[in-house]
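Here are a few exercises to work through with the model open in your viewer. Try each task before you read the solution.

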Amino acid sequence: MISRSPTFWLVTLYCVLLLVLGAGFAWFTVLTFEHYTRETIIRETAARSGEIWVTAIERLDDRTGLARVIEQRFAPEALDRFIRISEGGRILYQSAIPAGVDARALQGSRGKGDAAQLRLGSLFLNRHFYVTPQGRRILVESGQSDVFAQGVQKSLTQSLVFGLPVLLILAAFGGYVLMRRSLHPIERMIDAAEAISFNDPGNRLPLAETGDRLETLGLALNRMLDRLDAAYQHANRFSADAAHEIRTPLAIIRGELEFLAAQRHSPELHAALGNILDEANRLSDMVEKLAMLSRMDSLWGKHAHAEFDLGALAGETMDQMRLLADEKHITLAPLQGGPAPVAGDRNRLKQVLVNLVDNAIKYTPEGGRITVEVKSLANRAQLTVTDNGIGVAPEHREKIFDRFYRVSTDRGETGSGLGLAIAKSICNAHGGTIVVDSTPGAGSTFRIELPLSTA
Amino acid sequence: MRVLVVEDEAKLLDILLRCLKGEGLLADGVGSAEAALEHVKSFHYDLVILDLQLPDSPGTALLRRIRSERHAMPVLILTARSDIDSKAEGFSAGADDYLTKPFSLAELSMRVHALLRRAPAIQEAILRFANLEINRLTRQVKRGGKRIDLSPKEYSLLEYLSLHAGRALSRSMIVERVWDQSFEGLTNIVDVYIGHLRRKIDEGYEPKLIRTVRGLGYSLDAGEAE
């Protein structure tokens, strides 16, 4: 659910980007630091070598004086420095070996090369030969350990490694909050769109007064709703008008036929007249139902009705219909469940029950069983009609509530194809719903839910 | 008995007039509200059948006009509108009965007769058809002197048929009277009950009383078969 929301994806994308950028930045920082400290140490040691030489040149033969002056000026031990002055392998001065430096490596390095920059463990060593005016070749080795720099680098890396996730979490949270805030108008529009039904022209999407594309979107959607509403009302008015206009011609046809049927004719003509009258009656029935449907649609929530018990209504309806079930040897089980007070048009809701039970009887083979149950849930009254009949295939499940929709193309089936459409529009007009669950071949359950009366 | 029919649809007006004349009534027909008012002022009518949609004025306006001029004859409204609101409007304008198009002539004539009865109908407590006897007070039914047990619905159906004996009653009329409006369109329930009633009333007895009239419905008829 959440993994599909745009907020989730945007925040994720943003965090991944931040992670990549942050990691790149940290990596770059650490490398730069390392490079910079190394360069600095190398430059410093080279420069210090010259200073040492200038200091030492006077006292090459005074070892104690040399040591004192060097210690005074360069304090090698305190500053992780290594200084050694030698002449042809003979050491004139050597400071203590800094921690972490292999003494043997220093031993071995003595006397090798001419002027070079070496690295022995953590020690950067600059060796340089100087020549005195007397022609003595003195080797000055000036070293600097980078242990301290390494320590700094380590803590820098650590703070970056630990800091980055913290930063990411903060950024993700901040991003989420920000996204939620900027998407809030959209969420409001979604909620409103979910609640919108036809015949409610006042019900439009709330506009995000942001002055940007979001507001434009809201306006465009509202204009679309206006057009849909107009089209829906037009279609509805059409069926109401059509039903209305058909009434008078139909009355004339029926009247004339009744006159004819009352006279003496040959049996063939009589049978034909009877057939035509039957069809005229069916047409009248359909006109009545169509008119009722459009009436229900425009009635939407306008009428305050009486309160009654849905359970009692169901029981009464079932008693009246038991004989129809008996005729087909179908068991219409006693009503299950308890009372559920609802408010509405009792006759219309009874019509829904009649339609549902009649349907169940029609589509259940002989010997079948139909159960009706009424329950009151948290704030809804629920009624289910369950049969073990032929069921409804999944592809028909939504459409069976459409006007004139028939599962079988066989027109010989009785009924107008309007029964369930009427049931649905009555439920809707009461602020309720009707759905079907079904396993083809095993049976169907029609479930209606109506608001529980709180009065 | 004289009846005025106000209906602008000429063919329907013709059918209505023929039907009323067939019932032995004098009937005049007009096609506009203005003409209707003229007729009501000039003649005495025992009943007015009024279509609500007239070319010159709404039927309810005409009805209010008629009532305001102190004409108290019963008025039967005929309309293509079947919603409760328009029915309520018709009754508040002073109508006595209401019939929605398309209607069956049988129902129209039954309603006309009911409206024309000045006093409440005095009906026999015991109805007899051939050797069938229906006691409306005790709700007991006997055929050939033998008591027959009927369920309440079966009894209501039989009583409705026998009160209008000789007339074909359509399934929707029966559903509306014996059941209620919510069974609208569920006319097969009538067939089932008629089947049960036949088994109890007619099986093993002569003559057969319950007849099926094709296209029209059912009737209870003690008269000789056609």
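**Exercise 1.** What percentage of the 455 residues in chain A do buried residues make up?

Solution. Start with the ground rules: this is a predicted model, where local features need pLDDT of at least 70, side-chain atom pairs count only at pLDDT 80 or more, and totals for chains, interfaces and linings use all residues. Residues are numbered from 1 along each chain as its sequence is written, while chains are lettered from A and ligands numbered from 1 in the order in which they are written. Next, the cut-off: buried takes 20 or more other C-beta atoms within 10 Å of a residue's own, exposed takes 12 or fewer, and partly exposed is in between, with C-beta atoms placed from the backbone. On that count, buried residues come to 29% of chain A.

**Exercise 2.** Find which residues have the most contacts inside the largest nonpolar core.

Solution. A nonpolar core is a set of buried Ala, Val, Leu, Ile, Met, Phe, Trp, Tyr and Cys residues joined through C-beta atoms within 7 Å. The largest one has 114 residues, and A:Leu310, A:Val357, B:Ile49 and B:Leu50 have the most contacts inside it. Helix 6 (residues 267-299) of chain A supplies the largest share, 9 residues; helices (H or I, at least four residues) and strands (E, at least two) are DSSP runs, numbered from the N terminus. Now zoom in on B:Ile49: skipping residues up to four places away in sequence, B:Ile49 touches B:Val3, B:Val5, B:Val6, B:Leu16, B:Leu76 and B:Leu78, where contact is C-beta atoms, placed from the backbone, within 7 Å.

**Exercise 3.** Describe the side of chain B that touches chain A.

Solution. First the head count: 30 residues of chain B contact 39 residues of chain A. Then the elements: helix 1 (10-22) and helix 8 (188-201) of chain B each give at least two residues to chain B's side, and helix 8 of chain B has the largest share with 5 residues. Last, the chemistry: 13 are nonpolar, 9 polar and 8 charged, counting Ala, Val, Leu, Ile, Met, Phe, Trp, Tyr, Cys and Pro as nonpolar, Asp, Glu, Lys and Arg as charged, and the others, Gly among them, as polar.

**Exercise 4.** In what order do the 5 strands of the open sheet in chain B run?

Solution. The order is 2-1-3-4-5, with parallel pairing; a pair needs at least two DSSP bridges. Strand 2 (26-30) and strand 5 (97-100) of chain B are the edges, each pairing on one side only. The average twist from one strand to the next is 20°. Strand 4 (residues 75-79) of chain B reaches strand 5 of chain B through 4 bridges, and B:Leu76 sits opposite B:Asp97 there.

**Exercise 5.** Trace the partners of strand 1 (residues 81-87) of chain A.

Solution. Check burial: 5 of the 7 residues of strand 1 of chain A are buried. With strand 5 (residues 137-145) of chain A, the pairing is antiparallel over 6 bridges, and A:Ile83 has A:Ser142 as its bridge partner. With strand 2 (residues 90-94) of chain A, strand 1 of chain A shares 4 antiparallel bridges, and A:Arg84 faces A:Gln94. Strands 1 and 2 of chain A make a hairpin with 2 residues between them, and A:Gly88 in the turn has a positive phi of about 55°.

Notes. Two residues are in contact if their C-beta atoms, placed from the backbone, lie within 7 Å. Axes are lines fitted to C-alpha atoms, for helices over the stretch in contact, and angles run from 0 to 180 degrees between N-to-C directions.
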